[in-house]
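Biologist: Could you take a close look at the aromatic rings in this one and walk me through how they are arranged? Please throw in the strand pairing afterwards.

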Amino acid sequence: MTPIVFQIIPCLHPTQSSCGLLPEQPMNQANCGISIAPPDFFKYIHSGKIQAIKTSITKFIPDGVELANGQQLHADIVIFGTGFRQELPFLEEEYRRQVIDEDGNFNLYRYLIHPNIPQMGFVGYNSSFYSQLTSEVGAWWLLEYVKGNLLLLPSPPAIYQEIAADIYWMKTR
């Protein structure tokens, strides 16, 4: 896309701008695809049924999370919508070093799990143009994995080889 197109696209989505959901950098510099908002999404934000909070989580607390702005939110479940910056500041350094390499690549099998951290999974780190579809497929795969229904996973060395091949492909495509 040409630079002018990247300037026009936000103008075509004024509801994103009025809700404070535009990225902080131009779309051609953001590592993302085009999103498709579900029906009534922006209407619910404007009415207050959905609260869009643009900040980060600093820590988990007994009944929810504490945000970088100091606000504490009660939460039964936490879904990380990391947006345009794929970072994991909420992970302890030990796990972050395993999941993200020095170049910022995610070392995840099928872009979902790390072989050394089997109790943690991610959805949406595949940077696909069709991320809604691939994230949904990934969520279903992850669900079956967590339920223990995927018994024939490759060995850890084979998983690491596949992760390395995926990263190589991403760098050279």
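Modeller: Here is a walk through the rings, followed by the strands.

Before the details, this is a predicted model, so to speak: local features need pLDDT of at least 70, side-chain atom pairs count only at pLDDT 80 or more, and totals for chains, interfaces and linings use all residues. Residues are numbered from 1 along each chain as its sequence is written, and side-chain values use heavy atoms, with hydrogens and water left out.

Searching the whole structure turns up 3 aromatic pairs. To pair, rings of Phe, Tyr and Trp (its six-membered ring) need centres within 6.5 Å; planes under 30 degrees apart count as stacked, over 60 as edge-to-face, and the rest as tilted. One of the pairs is Phe41 with Phe42: the ring centres are 5.1 Å apart and the planes sit at 75°, so this one is edge-to-face. Phe41 is partly exposed, at 24% relative accessibility, while Phe42 is buried at 17%. Here buried means under 20% relative accessible area, exposed over 50%, and partly exposed in between (1.4 Å probe, protein chains only).

Trp141 and Tyr145 make a stacked pair, with 5.7 Å centre to centre and 5° between the planes. These two are 4 residues apart in helix α5 (residues 131-146), which means about one helical turn separates them. Helices (H or I, at least four residues) and strands (E, at least two) are DSSP runs, numbered from the N terminus. Both Trp141 and Tyr145 are buried, and together with Tyr109 they form one aromatic cluster.

There's a charge to add to the ring story: the charged end of Lys49 sits over the ring of Tyr44, 4.5 Å from the ring centre. That label asks for NZ of Lys or CZ of Arg within 6 Å of the ring centre and within 35 degrees of the ring normal.

Now the strands, where two of them pair if DSSP finds at least two bridges between them. An open, antiparallel sheet is built from 3 strands in the order β1-β2-β3. Its edges are β1 (57-61) and β3 (72-74), each pairing on one side only. Between β1 and β2 (residues 64-67) there are 4 bridges, and Ile57 stands opposite Leu67 of β2.

Elsewhere, β4 (residues 113-114) and β5 (residues 117-121) pair antiparallel over 2 bridges. They form a hairpin with 2 residues between them, and Ile113 has Gly121 in β5 as its bridge partner.
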